[in-house]
Amino acid sequence: MTKQAMSAIEPTLVRTPMMLMAPRVDGVEAIWAVSRTSLGRVESETAAGQRQIHASDPYGFTPQGAAVLRVRLTGFASGTTIRLRTITTAADDGETVVGEWKTFRTLDPSARTTRFAVWNDTHRHDEVIRQLHRVTPSADFLVWNGDTCNNWDNAADLIPTLLHPGGCDISAGRPVFLTWGNHDVRGPHAFRMPGIVAMPEGRPFYAFRSGPVAVICLHTGEDKPDNHPSFQGRPAFEALRREQAAWLAEVIRRPEMQAPYRIVFCHLPLRWIDEGPQDYAADGYDRFSGASRALWHEHLVAWRTQTIISGHTHQSTWMPPTAEWPYSQLVGGGPEPGRTSWIEGSADESALRLCQRNLAGEILHDLTFSPLPLD
């Protein structure tokens with residue numbers, strides 16, 4: 001076979017667009033997939049025309065990999081709009097591909113307004129993802145609130161599902177925060193997922209502020225006990241929930257978290273309309289994470305959490321606060337036809353609005369929260 005014929009059938013060096021994940025006040029993480037071992041760099045350009053090459057990992061290497069390249073960008077001021085593009089160089093023959101520019105804005109805790117969007121339970125339903133991508137506007141961030149997949153039974157599914165879902169560049173105009181769902185941690189290849197997605201603090205739980213909204217993202221783990229035989233010993237979420245409880249006790253005291261509006265994202269709800277016990281030996285599973293709530297509740301109450309936004313049940317549901325549970329619960333729909341929903345959030349000095357719509361644009365829940373009095 002001639003060299004020309006071989007090149008015609010070889011896969012392109014860059015397999016996916018640059019995914020911008022885990023935005024921060026000082027930067028973001030850029031992640032993209034390649035077909036063979038390559039070096040990855042990201043070029044940035046400010047509004048003033050200043051350019052910089054970002055090409056170092058924590059160990060002093062130029063970021064490199066055989067399947068995925070990751071570059072953590074730092075050093076920007078909050079609320080800064082910049083352009084970014086990838087520079088990918090194959091290790092074997094030096095082939096270099098320069099990506100298209102993508103605009104990004106760092107988080108700004110001091111901004112007077114913020115706008116965000118929420119998806120959940122996409123489960124590799126590509127047409128649903130394409131529809132969500134079409135109807136979701138640009139925003140300060142997009143929370144992909146768990147269950148990106150069905151189960152990780154096939155390692156080849158990870159990259160297209162997480163970095164190019166539905167063939168869409170979902171982080172264009174809205175950098176992505178990911179929370180972990182119970183299906184995201186299932187299957188023999190689930191352990192590979194942390195190598196492909198980014199977390200702001202390198203853990204699957206984190207907190208941040210955007211304008212007047214403070215956000216806590218938590219990992220509720222599985223919907224059955226860790227020792228359930230179907231899991232084959234893979235989960236260890238009891239320890240992770242306890243770790244998050246200790247972290248919550250500290251993070252809710254941070255000055256930047258004393259915001260007018262306070263939201264928690266987690267995949268399994270912390271409240272549900274039916275909280276009866278489940279028969280795990282049969283087909284029972286948790287509709288809500290009682291194990292998480294038992295450990296986190298007092299901290300969420302102390303923080304004056306206004307609402308928990310979740311998925312998991314595939315049933316759009318709104319549960320207002322009660323005397324026992326002073327935080328409300330909003331749950332998104334599922335990927336099945338007619339059940340998909342998405343949430344648009346916006347906040348300013350007067351109110352936080354959460355509007356949940358289906359793909360036809362019909363409003364399912366339109367909620368308004370008043371700002372909390374600040375001490």
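This briefing walks through a predicted model, with strand β14 as the starting point. Strand β14 covers residues 213–217, and five of its five residues are buried, so the rest of the structure largely encloses this strand. From there we move to the sheet around β14, then to the nonpolar cores, the cysteines and a few single residues worth finding in the view above.

**Strand β14 up close**

- The side chains of β14 point two ways: V213, V215 and C217 go to one side, while A214 and I216 go to the other, and all are buried.
- This fits a general pattern, in which side chains of a regular strand alternate between the two faces of the sheet.
- One of these residues, C217, has a relative accessible area of 0%, so C217 counts as buried.

**The partners of β14**

- Strands in a sheet pair through backbone hydrogen bonds, and the pairing can be parallel or antiparallel.
- With strand β13 (residues 206–210), β14 pairs in the antiparallel sense, over five bridges.
- Within this pair, Y206 sits opposite C217 of β14, and S210 has V213 as its bridge partner.
- β13 and β14 form a hairpin with two residues between the strands, and G211 in this hairpin adopts a positive phi near 60°.
- With strand β15 (residues 261–265), β14 runs parallel, and five bridges join the two.
- In this parallel pair, V215 lies opposite I263 of β15.
- The chain also links these two strands through a helix: β14, helix α4 (residues 237–251) and β15 together make a right-handed β-α-β unit.

**The loop between β14 and α4**

- If you follow the chain from β14 towards α4, you meet G233 in the loop between them.
- G233 has a relative accessible area of 63%, which is over the 50% cut-off, so G233 is exposed.
- From G233 to I309 there are 76 residues in sequence, and the C-alpha atoms of the two are 29 Å apart in space.

**The whole sheet**

- β14 belongs to an open sheet of six strands, in the order β13-β14-β15-β16-β18-β17, with mixed pairing.
- The edges of this sheet are β13 and β17 (317–319), each of which pairs on one side only.
- On average, neighbouring strands in the sheet are turned by 20° against each other, with direction ignored.

**Nonpolar cores**

- The largest nonpolar core has 77 residues, and those with the most contacts inside it are I216, L218, L248, F265, L352 and L354.
- Helix α4 gives the largest share of this core, with six residues.
- Apart from this core lies another, of 14 residues, including M18, V28, V42 and L84.
- Setting aside neighbours within four places in sequence, L352 is in contact with residues that include V213, Y261, I263 and F369.

**Cysteines**

- A disulfide is a covalent bond between the sulfur atoms of two cysteines.
- A search of the whole structure finds zero disulfides.
- For C217, the closest cysteine sulfur is in C266, at 9.1 Å, which is too far for a bond.
- C355 is another buried cysteine, with a relative accessible area of 2%.

**Two residues with positive phi**

- D147 is a residue other than glycine, yet its phi is positive, near 60°.
- You can find D147 in the loop between β11 (141–145) and α3 (158–163), and its relative accessible area of 1% makes it buried.
- H312, also not a glycine, has a positive phi near 80°.
- H312 lies in the loop between β16 (307–310) and β17, and at 7% relative accessibility H312 is buried.

**H365 and its surroundings**

- H365 is part of strand β21 (residues 363–369).
- At 18% relative accessibility, H365 is under the 20% cut-off, so H365 counts as buried.
- Leaving out neighbours within four places in sequence, H365 is in contact with S316, T317, W318, L330, L354, C355 and Q356.
- H365 and L73 are 292 residues apart in sequence, and 37 Å separates their C-alpha atoms in space.

How values were computed
Residues are numbered from 1 along each chain as its sequence is written. This is a predicted model: local features need pLDDT of at least 70, side-chain atom pairs count only at pLDDT 80 or more; totals for chains, interfaces and linings use all residues. Side-chain values use heavy atoms; hydrogens and water are left out. Buried means under 20% relative accessible area, exposed over 50%, partly exposed in between (1.4 Å probe, protein chains only). Helices (H or I, at least four residues) and strands (E, at least two) are DSSP runs, numbered from the N terminus. Two strands pair if DSSP finds at least two bridges between them. A crossover is right-handed if, with the strands pointing away from the viewer, the path from the first strand over the helix to the second runs clockwise. Axes are lines fitted to C-alpha atoms, for helices over the stretch in contact, and angles run from 0 to 180 degrees between N-to-C directions. A disulfide is a pair of cysteine sulfur atoms within 2.5 Å. A nonpolar core is a set of buried Ala, Val, Leu, Ile, Met, Phe, Trp, Tyr and Cys residues joined through side-chain atoms within 4.5 Å. Contact means heavy atoms within 4.5 Å.
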